[in-house]
Structures are given as structure tokens and as C-alpha cells.
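Work through the exercises below with the sequence and the model in view. Try each task before reading its solution.

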Amino acid sequence: MNIVASKLPRVDIPLHYRQLGTVDIGRLLPRVIALTEEDWLKGTRGRRNAFPGLEQTKTINLRFVENLDDPLTSYSLPDFEDWKALLCPICDQAIVSYGYKDPQLSKVMLTQLPAGTHIKPHTDARAGNLYTHKIHVPLVTHRDVLFYSRGVPFHIPLGEAWEVNNVDMHSVWNQSRIDRVHLIFEIYDAALIRA
Ligand SMILES: [Fe+2]
């Protein structure tokens, strides 16, 4: 892994996952359900995260980073303004246990994993992943959607927020008949930036 000195400290990444509790997805859900295939394809055509393993996913990126090695280079995509009032309360609820003084979102995306598809085993290998917590919130899911972390399978239930270990080997399998949709975000505490 290419370690670049960020001014952020490294975070404590869980072995497999960390259950962060339930979140209220009630306001966001109708907007996500209303997304059309064209919305997903438009987002995917302009995606910033076209990484190996993700070929079968569709993604609407809302925040991303200029430099994958440093979360402090994050920026908003134009659609973030439209979504933030629905997304930010969920992110705030999910991260309560971290006790952050100045939480900042480095990446935010909605990702669809179509029925019967998978994300191949891979690691999120760039150094920036060491400085943020990676959090998944299922918005549309099924018990036959399994995340594998270091070979251990688990299902993230609807309406819960779980941090996952994305720096070690992981994959996702959707063996259901529905298109899985997750809100995925990465977060750090700007109060911990070193001078
Ligand atoms: Fe990944």
C-alpha cells in the first residue's frame, strides 16, 4: 500500500465490520426508489470510482476525492446539493459512536448491485482508505445479499449502518432477484487534522 502522509491520523478499522446501529432511512427511501434506469446509467457514465471489481455496479457519486491517497482533497459533485438534506441526517445518526467533533464526508455515493451480480474480491488499496471509516447503509436489500470480509460472510440488514473493513480482501454477492442499493460514505474528523 502506498502510504502518503495525510494530515489526518489513521482510523481504527474493524477486523470484519462494526455495527453502528439503526438509522432512519424513511425520508431518503422514496427518492431512491424513484431513481430511473436512466438516472443510474447517467451516474455510472460519469462515475469517479471505476475500479477493478466494480464493473457490475451502477453508481451515483455525490462526493469524491481529487487524490485517492488523501481524504482532505474531497469535493462535492453537482448532485450532492440535491441530496444532502436527505443524506446528512442519516450520516450524522450513523457516526454518533465515533464522538467526532467536526465530521466531514470525503466520499458519498449511492450504489446499485443488480440482481444476480457480484463485486469480485479486491482490496481498496489506496492510502486514503486508512484515514476514513467506510460505512454502508442498505436502502434496498435482501437476505441473499452477502458481504464477504476476509472470507467471513455477513448480511447488513435494512435500515442499519455498518462500518466495513475495505482495506483487506472483500467482495459482495447479490444472489437475490432484487437490485440492491446502498448509501455508502466515508468520514473523518477534521478536528484531528495535524498542523
Ligand atoms: Fe471495495
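**Exercise 1. Decide whether M169 is buried, partly exposed or exposed, then place it in the chain.**

Step 1. M169 has 13 other C-beta atoms within 10 Å, so it is partly exposed. The cut-offs behind this are: buried means 20 or more other C-beta atoms within 10 Å of the residue's own, exposed means 12 or fewer, and partly exposed lies in between, with C-beta atoms placed from the backbone.

Step 2. The model is predicted, and local features need pLDDT of at least 70, side-chain atom pairs count only at pLDDT 80 or more, and totals for chains, interfaces and linings use all residues. Residues are numbered from 1 along each chain as its sequence is written.

Step 3. M169 sits in the loop between β9 and β10. Strand names follow DSSP runs numbered from the N terminus: helices are H or I with at least four residues, strands are E with at least two.

Step 4. Leaving aside neighbours within four places in sequence, M169 is in contact with P121, T123 and R150. Two residues are in contact if their C-beta atoms, placed from the backbone, lie within 7 Å.

**Exercise 2. Describe R150, one of the contacts of M169.**

Step 1. R150 belongs to the loop between β7 (145–149) and β8.

Step 2. With 10 other C-beta atoms within 10 Å, R150 is exposed.

Step 3. The phi angle of R150 is near 50 degrees, a positive value in a residue other than glycine.

**Exercise 3. Give the strand order of the open sheet of four strands.**

Step 1. The order is β5-β10-β7-β8, with antiparallel pairing. Two strands pair if DSSP finds at least two bridges between them.

Step 2. The edge strands, each pairing on one side only, are β5 (118–122) and β8 (152–154).

Step 3. β5 pairs with β10 (residues 170–174) over three bridges, in the antiparallel sense. Within this pair, I119 has V172 of β10 as its bridge partner.

**Exercise 4. Which strands pair with β9, and how enclosed is β9?**

Step 1. Strand β1 (residues 17–22) pairs with β9 in the antiparallel sense over five bridges. The bridge partner of Y17 in β9 is V164.

Step 2. β6 and β9 are also an antiparallel pair, over two bridges. Here I135 stands opposite E163 in β9.

Step 3. Four of the five residues of β9 are buried, so β9 is largely enclosed by the rest of the structure.

**Exercise 5. Find the residues that touch the most other members of the largest nonpolar core.**

Step 1. A nonpolar core is a set of buried Ala, Val, Leu, Ile, Met, Phe, Trp, Tyr and Cys residues joined through C-beta atoms within 7 Å.

Step 2. The largest core has 34 residues, and I90, A94, I135, V137, A161 and L183 touch the most other members.

Step 3. The elements giving two or more residues to this core are β2 (58–65), α3 (80–94), β4 (103–113), β6 (133–140), β9 (160–164) and β11 (180–189).

Step 4. Not counting residues up to four places away in sequence, V137 touches V23, I25, I90, A94, A161, H182 and L183.

Step 5. In α3, the residues W83, L87, I90 and A94 are buried.

**Exercise 6. Summarise the whole chain.**

Step 1. The chain has three helices and eleven strands.

Step 2. Of its 195 residues, 35% count as buried.
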